[in-house]
Amino acid sequence: MTNSSLTSDPPDICLILRAHAEQLWLTAQVIPTVRSLEHPHELHADHVGAALAYLEVLWLEACQRAVESDAALAELLDRGAGSDRCLYEKARRYHVAVRRLRTAVAQRVGALNGTHGWGPQRPPMCDRRADAPADV
């Protein structure tokens, strides 16, 4: 019997789990909110501001998950394929697919908030609204 406290998750498994968490967040949380904002007839006019604020929070979390996925990829690339070349390649391909999804969603989020970019380095959406009070 092996002592599981002496082992750690291999980097390919870590990457798959991080990429899956990012993909799930994008598809289950961010995309439905983006869709509701892209179809304003489905939202009451008074709810658009709240939906944009909610999207901002969701997007900040998505950006953090993207950073974690990219860090897991960097660790995988640093360590190499190891003994399971097939799992290594699958993990890398999954990350590429999630990165494509991330880019597509980022374009849609950018179109809604006027940034056309993604990442934690961007100012919050509420700071970019033209109709926001100057002292906020």
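Trainee: What does buried mean here?
Mentor: Under 20% relative accessible area; exposed is over 50%, partly exposed in between (1.4 Å probe, protein chains only). This is a predicted model, with local features needing pLDDT of at least 70 and side-chain atom pairs 80 or more, while totals for chains, interfaces and linings use all residues. Residues are numbered from 1 along each chain as its sequence is written, and side-chain values use heavy atoms, without hydrogens and water.

Trainee: So is Ala 106 buried or exposed?
Mentor: Ala 106 is buried, at 6% relative accessible area.

Trainee: Where does Ala 106 sit?
Mentor: In helix 3, residues 85–113 (a DSSP run of H or I, at least four residues, numbered from the N terminus). Its C-alpha lies 9.6 Å from that of Cys 63, a residue 43 positions away along the chain.

Trainee: Cysteines, then. How many disulfides are there?
Mentor: Zero (the test is two cysteine sulfur atoms within 2.5 Å).

Trainee: How accessible are Cys 14 and Cys 86?
Mentor: Cys 14 is partly exposed, at 26%. Cys 86 is partly exposed too, at 46%.

Trainee: Which residues touch the most others in the largest nonpolar core?
Mentor: Leu 26, Val 30, Leu 55, Trp 59, Val 105 and Val 109, out of 15 members (buried Ala, Val, Leu, Ile, Met, Phe, Trp, Tyr and Cys, joined through side-chain atoms within 4.5 Å). Helix 1 (11–38), helix 2 and helix 3 each supply at least two residues of this core.

Trainee: Which helix gives the most?
Mentor: Helix 2, with seven residues. Apart from this core lies another of seven residues, including Leu 73, Ala 81, Tyr 88 and Ala 91.

Trainee: What follows helix 2?
Mentor: Gly 80, with a positive phi near 85°.
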